[in-house]
Amino acid sequence: EDGFFDIVASNQVFEHVSELNGICKELARVTRPEGILLALMPTSEILWEDHLKMPWVHRLPIGSKRQRILAKAFRRMGFGTPRHVSDDRHVSDDEWLSRADTILREEVFHRSVREYVSAFSKNFRLLAEDEPTWARYRIKHHPLLKYGSALSELRGTDGFFRQSVRRAAGAVLVLQRLP
């Protein structure tokens, strides 16, 4: 129904949506006016491309010579297994690179935080870029890191956590549906 949800959460989904405007409009439709959208997603700023299991390759033009050289080098170092491939040891580099290109062209769409905020802004107002809260929660509930969680509460650590999470995991956006 229209306006049915008070809160909508999306975790690691938006990078798989090729066209954001339609999904943003639908999220706005099902979220009550002034309801909350919590969106967590990897962005183009991350260092590790988790769908290919290797660093940096998503930051180069898809299919470019530089991207293929980098991906091939990382693959030879033991990185990189595209999803749905249980054993790719006998797959040629060219076939593997073709699969990786397909994933980056058709299944994963890396966008900047600004691009996401811009797409949401037609229907939602950005309340917070809340990577520090997410990081502190994760630290507090980690089996080992929880013992140092008091350090994460020190003043002046928000910038560190924002940049660290953005490079390691992506963005954590809290948005409010426009009335």
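What follows is a walk through this structure, from the overall layout down to single residues.

First, some ground rules: this is a predicted model, in which local features need pLDDT of at least 70 and side-chain atom pairs count only at pLDDT 80 or more, while totals for chains, interfaces and linings use all residues. Residues are numbered from 1 along each chain as its sequence is written, and side-chain values use heavy atoms, with hydrogens and water left out.

Let's start with the whole chain. It has 7 helices and 6 strands, where helices (H or I, at least four residues) and strands (E, at least two) are DSSP runs numbered from the N terminus. Read from that end, the order is β-α-β-β-β-α-α-α-β-α-α-α-β. The C-alpha trace spans about 55 × 45 × 25 Å along its principal axes. Of the 179 residues, 41% count as buried; buried means under 20% relative accessible area, exposed means over 50%, and partly exposed is in between, using a 1.4 Å probe and protein chains only. If you take the contacts (heavy atoms within 4.5 Å) between residues at least 6 apart in sequence, 74% of them join residues at least 24 apart.

Now look at a pair of helices, H5 (residues 131-140) and H7 (residues 158-168). Their axes come within 8 Å and cross at roughly 85°. That crossing makes H5 roughly perpendicular to H7. For the record, axes are lines fitted to C-alpha atoms, for helices over the stretch in contact, with angles running from 0 to 180 degrees between N-to-C directions; under 35 degrees counts as roughly parallel, over 145 as roughly antiparallel, 65 to 115 as roughly perpendicular and the rest as oblique. On the H5 side, the contact is made by Glu-131, Pro-132, Trp-134, Ala-135, Arg-136 and Ile-139, and H7 brings Asp-158, Phe-161, Arg-162, Val-165 and Arg-166. That mix works out as 6 nonpolar, no polar and 5 charged residues. Here Ala, Val, Leu, Ile, Met, Phe, Trp, Tyr, Cys and Pro count as nonpolar, Asp, Glu, Lys and Arg as charged, and the others, Gly among them, as polar.

Next, the empty space. On a 1 Å grid over the protein atoms alone, a cavity is a set of points where a 1.4 Å probe fits but cannot get out, while a pocket is an open set with protein on both sides within 12 Å along at least five of seven lines; lining residues have an atom within 4 Å of a point. Grid points are joined across faces, edges and corners, and a volume is the space filled by probe spheres set on the points. By this rule there is 1 cavity of 30 Å³ or more, and the largest cavity has a volume of about 60 Å³. Its lining includes Met-54, Gln-67, Arg-68, Trp-96 and Asp-101. Helix H2 (65-76) and helix H3 (93-107) are the elements that give two or more residues to this lining, with the largest share, 5 residues, coming from H3. By type, the cavity lining divides into 8 nonpolar, 1 polar and 2 charged.

The largest pocket has a volume of about 170 Å³. Among its lining residues are Gln-12, Trp-48, His-51, His-110 and Ala-169, and the full lining divides into 5 nonpolar, 3 polar and 3 charged.

Gln-12 is worth another look for its backbone. Most residues other than glycine have a negative phi. Gln-12, though not a glycine, has a positive phi of about 65°. You'll find Gln-12 in the loop between strand S1 (5-11) and helix H1 (20-30), partly exposed at a relative accessible area of 36%. Glu-34 also has a positive phi, about 70°, without being a glycine. Glu-34 is in strand S2 (residues 31-41) and is partly exposed too, at 42%.

Two more residues round out the tour. Arg-29, in helix H1, touches Glu-1, Asp-2, Gly-3 and Arg-177, not counting residues up to four places away in sequence. Ser-44 is in the loop between S2 and strand S3 (48-49). Leaving aside neighbours within four places in sequence, Ser-44 is in contact with His-58, Arg-59, His-110, Arg-111 and Ser-112. His-110 also turns up in the lining of the largest pocket.
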